[in-house]
Amino acid sequence: MSLKLYFAPGACSFVPHSLLELSGAGFEPVSVKLHKGEQRSAEYLALNPRGQVPVLVDGGEVITQIVAILLHLDAKLPEAGILPAGGMARTRALSTLAWMNNTVHPTFTHIFMPQKFTDDAAAQQVIQRFAADSYRGLLGEIEALAANAEPWLTGDRPGALDAYALTLLRWGGIAGIDPTGFTATWALAQRYAALPAVAKAIERERLQLNLYRHSA
Ligand SMILES: N[C@@H](CCC(=O)N[C@@H](CS)C(=O)NCC(=O)O)C(=O)O
């Protein structure tokens, strides 16, 4: 099996990155430095014309989009527990995964990259402020899920939702939101980060979980 994951430190690619580590499957991690614009290099655009991470390369196949990457890995590595195997548990997990990816994640993009939505500097500030309020509410919805975790968001094994919850909560610090205020999600994120395999991904990305403390 030849798997290669293009990831950027601190980005949403942490989701497949940490899950690949957890799975124990061998893979080649390739770092893409977004702040240096490496995602817009000709070489990278040849791989993913959208200029984004993550990209999974499986043999000769290039796969983009977190949801597709996770479904691909889940089918390929069924023992990894990325998603519940079937039934309503799987349906509910996919529903939450889709929401994290299509709602919570893009709300953060409005905070982190407002220039994607308008070139008017004043309007960018308005967008950031508005999106930060929305983002706080969305983290509140994740908190309600985390409060019922058993002990992970999809049951007794860590999986895709836990990885995404950590990523989204961590981004809260960048948005001026104290992640420790979301006590159940914060505990979940710390628990996920402490898994030895996940710690390897965190080390490779040199991640700090609490960015709020460092930016406040
Ligand atoms: N819908 C995409 C979103 C990917 C995405 O937003 N990637 C961000 C990092 S979190 C990125 O590569 N941004 C760089 C850019 O847009 O220049 C997915 O699910 O993979």
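Strand β1, residues 3-7, pairs with β2 in the parallel sense over 4 bridges. Keep in mind as you look around that this is a predicted model. Within that pairing, Lys4 has Glu28 of β2 as its bridge partner, and Leu5 has Pro29 of β2. On to another neighbour of β1: it also pairs with β3, this time in the antiparallel sense, again over 4 bridges. Here Lys4 turns up once more, standing opposite Val57 in β3.

How enclosed is β1 by the rest of the structure? Largely, because 4 of its 5 residues are buried. For a residue to count as buried here, 20 or more other C-beta atoms have to lie within 10 Å of its own.

Now step back to the whole sheet. It is an open one of 4 strands, in the order β2-β1-β3-β4, with mixed pairing. The edges belong to β2 (28-31) and β4 (61-64), each of which pairs on one side only. Neighbouring strands are turned against each other by 20° on average, if you ignore direction. As a rule, side chains in a regular strand alternate between the two faces of the sheet.

Follow the sheet to β3 and β4 and you find an antiparallel pair held over 4 bridges. Val55 has Thr64 of β4 as its bridge partner. The two strands form a hairpin with 2 residues between them, and in this hairpin Gly59 takes a positive phi near 60°. Helix α3 lies across β3 (55-58) and β4, and runs at about 125° to β4.

Between β4 and α3 there is a loop, and Gln65 sits in it. Most residues other than glycine have a negative phi, and most peptide bonds are trans. Gln65 goes the other way, with a positive phi of about 80° although it is not a glycine. Is Gln65 buried, exposed or something in between? It counts as partly exposed, because it has 16 C-beta neighbours inside 10 Å.

A little earlier in the chain, look at the loop between α2 (42-47) and β3, which is where Pro54 has its place. Val53 and Pro54 are joined by a cis peptide bond, with omega about 0°.

Val53, Pro54 and Gln65 come up again around the ligand. Its surroundings are made up of Ala11, Cys12, Leu34, Gln39, Gly51, Gln52, Val53, Pro54, Gln65, Ile66 and Asn101. What kinds of residue are in this shell? They divide into 6 nonpolar, 5 polar and no charged.

So much for the sheet and the ligand; next come the domains. The domain assignment gives domain 1 (3-80) and domain 2 (87-195). Their centres, taken over C-alpha atoms, are separated by 20 Å. Where the two meet, 9 residues of domain 1 are in contact with 10 residues of domain 2. On the domain 1 side, α1 (14-23) and α3 (66-76) each supply at least two of the touching residues. The largest share comes from α1, with 5 residues. What is that side of domain 1 like in character? Its residues divide into 8 nonpolar, 1 polar and no charged.

Moving on along the chain, Phe117 has its place in the loop between α4 (87-112) and α5 (121-147). Not counting residues up to four places away in sequence, Phe117 touches His110 and Ile127. Ile127 is 10 residues from Phe117 along the chain, and their C-alpha atoms are separated by 8.5 Å. Phe117 counts as partly exposed because it has 15 C-beta neighbours inside 10 Å.

Further along, Pro151 is found in the loop between α5 and α6 (160-174). The peptide bond leading to Pro151 from Glu150 is cis, with omega near -10°.

The last stop is Arg206, in the loop between α8 (196-205) and α9 (211-215). Its phi is near 50°, a positive value in a residue other than glycine. Is Arg206 buried or exposed? With 8 C-beta neighbours inside 10 Å, Arg206 counts as exposed.

Notes
Residues are numbered from 1 along each chain as its sequence is written. This is a predicted model: local features need pLDDT of at least 70, side-chain atom pairs count only at pLDDT 80 or more; totals for chains, interfaces and linings use all residues. A residue is near a molecule or strand if its C-beta atom, placed from the backbone, lies within 6 Å of it. Ala, Val, Leu, Ile, Met, Phe, Trp, Tyr, Cys and Pro count as nonpolar, Asp, Glu, Lys and Arg as charged, and the others, Gly among them, as polar. A residue is buried if 20 or more other C-beta atoms lie within 10 Å of its own, exposed if 12 or fewer, and partly exposed in between; C-beta atoms are placed from the backbone. Two residues are in contact if their C-beta atoms, placed from the backbone, lie within 7 Å. Domain bounds come from an automatic or database domain assignment. Two strands pair if DSSP finds at least two bridges between them. Axes are lines fitted to C-alpha atoms, for helices over the stretch in contact, and angles run from 0 to 180 degrees between N-to-C directions.
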